[in-house]
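Student: Hi! Could you walk me through this one? I'd like to hear about its charged pairs and its empty spaces.

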Amino acid sequence: MKKTLLNARINLIFYFLTLCLSFFSRKIFLDCLGADFVGLTGTLQNLLGYLNLAELGVGAAIAFNLYKPIQQGNRQQIIDLVSLFGYYYRNIGLVVLGAGIVLSAFIPLIFKHSDFPFGVIYFAFYSFLGSSLIGYFINYRQALLSADQKNYVVAAYFQTANIVKTLIQLLVAYYYANYYAWIAIEIAFGILYTVILNWKIDKVYPWLKCSVKIGKRQSNNYPNILKSTKQVFVHKIKDFMLQQSDQLFIFAFVSLKMVAYYGNYVLIIGRLTAFFSTVLDSVGASVGNLVAENNKPKMMGVFWELMALRYCIAGVTCFCIYMLIAPFITLWLGAEYILSQTVLILLVVNLFISISRGTVDNFNFAYGHYGDIWAAWTEGIINVTVTLIGGYFWGIPGILLGKTASMVPIIVFWKPLYLFRDGFMESYAKYWMKTIRYYLAFAVAAITTYFLCSLLPINPAASFGWWIVYATIVTLSFSSIYIFAITRFCAGGSALLHRLPLQKIGIKL
């Protein structure tokens with residue numbers, strides 16, 4: 001728990017440092033470089049995300065197998081596993097490089113309607129590709145930091161480099177509006193971050209003498225990792241399709257400019273959820289250690305506490321986004337950047353499912369539950385089918401509808417069944433008897449707060465001052481009702497409330 005809190009604390013510090021910078025820099029980039037350029041970079045990064053699908057599964061499988069040797073202090077096995085990770089990553093990096101070169105041959109077809117010179121597009125593509133390849137060939141050892149609950153080390157150096165990089169890009173955009181300089185800064189800071197990160201890893205783990213040669217020798221000694229990788233790979237492809245492909249479909253069915261418009265919503269939602277992810281994402285390794293202890297009463301208690309925490313965060317975040325995002329964008333960028341109410345509702349529904357699913361996912365991962373490959377294929381097929389049809393007829397709402405239609409049957413219903421049946425060995429009915437209360441609490445709080453706020457004589461889009469007043473009223477009103485309901489009537493709520501006075505922890509970087 002102490003390492004989890006330390007990870008959360010470091011991430012929170014950098015969250016506040018980057019929050020204002022992100023919104024300010026986005027405004028400058030849109031004004032000085034244009035919505036088309038912002039949409040171009042977002043689309044290229046999403047295209048490269050498809051190449052990085054080759055990696056999906058390896059990191060998760062290695063992390064799962066690292067928990068036990070870390071707990072036992074078995075340094076030799078840790079070296080073997082991290083070296084094996086490096087061996088797999090080198091091969092994956094070569095595949096990504098080859099696929100990237102092939103993909104680049106189709107750039108003239110993909111961007112045939114773009115107004116940008118192909119020199120700019122190719123320079124951006126290969127710069128982003130180079131930054132990605134650095135992770136495969138050099139930064140693979142950071143997997144140990146994640147498994148050892150020391151993500152704060154990665155966060156501190158990555159976020160520091162990212163802040164400095166954004167500041168320099170902001171100045172370049174404002175004074176020169178030079179595309180090439182902006183892109184060059186991306187690759188330069190990718191290299192700088194790599195040098196600093198590996199220097200720090202050498203200090204934290206001076207005994208970690210890994211090499212690709214060791215990994216190659218160990219490849220036959222861990223057949224279970226290859227099996228786990230194949231299973232995780234299918235699930236991660238599906239997750240990528242759900243989480244990262246929206247902007248590509250928007251580019252295909254709508255326009256490059258709408259990628260930037262949609263990206264504004266994604267930026268706001270991403271920054272808000274990042275605030276809570278600093279706490280929630282630090283829990284994964286702790287859950288893995290908890291399952292390894294095999295203390296079922298303790299596991300069930302922690303599970304429902306984490307469920308209460310997830311639903312609290314999901315409810316407050318989603319309701320506030322629904323009520324506040326449109327007037328904020330109006331004040332920040334202008335009313336012309338507002339998307340339809342249908343888009344907003346679907347974004348909020350998908351976000352609620354994505355946040356609230358986390359606890360079930362953490363425990364399924366800790367149990368090594370990746371055998372339900374059929375579920376991943378089903379979710380992916382539903383998503384692609386509905387997205388293609390919906391995107392063609394309805395544009396952005398149809399694309400988001402594909403995500404909703406695929407997540408509900410698999411994420412909302414199947415994944416908890418898988419965990420309770422094959423992990424906890426508990427009744428699935430018990431899960432829903434307790435979980436349904438979270439939904440009821442949200443419904444009551446949302447309806448009550450919406451009605452009360454509709455009576456307020458305040459226009460939140462009039463000025464930032466009135467927006468802050470309105471946001472304060474909305475957030476406090478909804479949070480008071482919703483959190484009270486969860487802590488009084490929902491499983492894990494009361495126990496979570498008693499855990500909140502957390503012990504103080506020190507930071508050492």
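**Salt bridges and spaces**

Tutor: Happy to. R421 and D422 are joined by a salt bridge, with 2.9 Å between the closest N and O atoms. Keep in mind that this is a predicted model.

Student: Are D422 and R421 buried or exposed?

Tutor: In between. D422 is partly exposed because its relative accessibility is 31%, and R421 is also partly exposed, at 43%.

Student: How many salt bridges are there in the whole structure?

Tutor: A search finds eight. Among them is the bridge between K415 and D372, where the closest N and O atoms are 2.8 Å apart. That pair links distant parts of the chain, 43 residues apart: K415 sits in helix α19 and D372 in the loop between α17 and α18.

Student: And are K415 and D372 buried or exposed?

Tutor: Both K415 and D372 are buried.

Student: Which helix holds K27 and D31?

Tutor: Helix α1, where K27 and D31 lie four residues apart, about one turn of the helix. Their side chains form a salt bridge of 3.5 Å, N to O. K27 has a relative accessible area of 25%, so K27 counts as partly exposed. There is also a network of salt bridges linking K296, E426 and K430.

Student: Switching topic: how many cavities of 30 Å³ or more are there?

Tutor: Three. The second largest holds about 100 Å³ of space. It has 14 lining residues, and Y311, R357, I411, V412 and Y431 are the closest to its centre.

Student: Which element gives the most to that lining?

Tutor: α19, with four residues. By class, the lining of this cavity has 10 nonpolar, one polar and three charged residues.

Student: What about the second largest pocket, what's its volume?

Tutor: About 600 Å³. Of its 21 lining residues, Y15, L272, C320, L324 and W467 lie nearest the centre. α1, α13, α15 and α21 each give two or more residues to the lining, and the largest share, seven residues, comes from α15.

Student: How does that pocket lining split by class?

Tutor: It has 18 nonpolar, two polar and one charged residues.

Student: Last one: which residues make the nonpolar surface patch?

Tutor: I389, Y392, F393, W394 and L401, together covering about 620 Å². Helix α18 supplies the largest share, four residues. Y392 is in helix α18, and Y392 counts as exposed because its relative accessible area is 62%, with over 50% being the cut-off for exposed.

Methods: Residues are numbered from 1 along each chain as its sequence is written. This is a predicted model: local features need pLDDT of at least 70, side-chain atom pairs count only at pLDDT 80 or more; totals for chains, interfaces and linings use all residues. Side-chain values use heavy atoms; hydrogens and water are left out. On a 1 Å grid over the protein atoms alone, a cavity is a set of points where a 1.4 Å probe fits but cannot get out, and a pocket is an open set with protein on both sides within 12 Å along at least five of seven lines; lining residues have an atom within 4 Å of a point. Grid points are joined across faces, edges and corners, and a volume is the space filled by probe spheres set on the points. Ala, Val, Leu, Ile, Met, Phe, Trp, Tyr, Cys and Pro count as nonpolar, Asp, Glu, Lys and Arg as charged, and the others, Gly among them, as polar. Patches are made of residues with over 30% relative accessible area and no salt bridge: like charges are joined within 9 Å, nonpolar side chains (Val, Leu, Ile, Met, Phe, Trp, Tyr) within 5 Å. Accessible areas come from the Shrake-Rupley method with a 1.4 Å probe; for residues, only the protein chains shown count as cover. A salt bridge is a side-chain nitrogen of Lys or Arg within 4 Å of a carboxyl oxygen of Asp or Glu. Buried means under 20% relative accessible area, exposed over 50%, partly exposed in between (1.4 Å probe, protein chains only).
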